[in-house]
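Trainee: I am new to this one. Could you walk me through it?

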Amino acid sequence: MINCRDCLLALDSYIDRELSDDDIAQVRVHLHDCGGCLDLFKFEESVRRLVRVRCQEQSAPHALRARVEVSLAMERIRIATRRQSRSVQRD
Ligand SMILES: [Zn+2]
């Protein structure tokens, strides 16, 4: 049986599936018995999932660039509109 400290140390590798079958079994048993480590495992896993999604977005540079360009264009319009309305007020 591993303790909480061992479990937390192994958690990264466990999520990345880098552990041996024996270690995986030990972590799995501990997570089954220990709510605290299980909560942390779930949190870590959800963070990983988020990072993975973000990385996939970045590996699609065209879509990303298009989105950045759109938001830059919107910003430019917003600034131009603000400038216009200000000069209207001045007149
Ligand atoms: Zn634990």
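The turns below go from the whole chain to one pair of helices.

Mentor: Keep in mind that this is a predicted model.

Trainee: In what order do the elements of the chain run from the N terminus on?

Mentor: Start with the secondary structure. It comes to four helices and zero strands. From the N terminus on, the order is α-α-α-α.

Trainee: What percentage of the residues in the chain is buried?

Mentor: The chain has 91 residues. A residue counts as buried if 20 or more other C-beta atoms lie within 10 Å of its own. The buried share is 7%.

Trainee: How does the reach of helix 1 fit the span expected at 1.5 Å a residue?

Mentor: Helix 1 has twelve residues. The expected span is 16 Å. From first C-alpha to last, the helix is close to that, reaching 16 Å.

Trainee: Which residue just after helix 1 takes a positive phi?

Mentor: Look just past the end of helix 1, which covers residues 4-15. The phi there is about 60 degrees. The residue is Arg-17.

Trainee: Are helix 1 and helix 2 parallel, antiparallel, perpendicular or oblique to each other?

Mentor: Their axes come within 10 Å and cross at roughly 120 degrees. Roughly perpendicular ends at 115, and roughly antiparallel starts over 145. The two helices are therefore oblique.

Trainee: Which residues of helix 2 meet helix 1?

Mentor: Helix 1 passes helix 2 in a left-handed crossing. Helix 1 brings Cys-7, Ala-10 and Tyr-14. By class, the contact has five nonpolar, one polar and one charged residues. On the helix 2 side are Asp-23, Ile-24, Val-27 and His-30.

Terms used: Residues are numbered from 1 along each chain as its sequence is written. This is a predicted model: local features need pLDDT of at least 70, side-chain atom pairs count only at pLDDT 80 or more; totals for chains, interfaces and linings use all residues. Axes are lines fitted to C-alpha atoms, for helices over the stretch in contact, and angles run from 0 to 180 degrees between N-to-C directions. Angles under 35 degrees count as roughly parallel, over 145 as roughly antiparallel, 65 to 115 as roughly perpendicular and the rest as oblique. A crossing is left-handed if the near helix is turned anticlockwise from the far one by less than a right angle, and right-handed if clockwise. Two residues are in contact if their C-beta atoms, placed from the backbone, lie within 7 Å. Ala, Val, Leu, Ile, Met, Phe, Trp, Tyr, Cys and Pro count as nonpolar, Asp, Glu, Lys and Arg as charged, and the others, Gly among them, as polar. The expected span of a helix is 1.5 Å times one less than its number of residues. A residue is buried if 20 or more other C-beta atoms lie within 10 Å of its own, exposed if 12 or fewer, and partly exposed in between; C-beta atoms are placed from the backbone.
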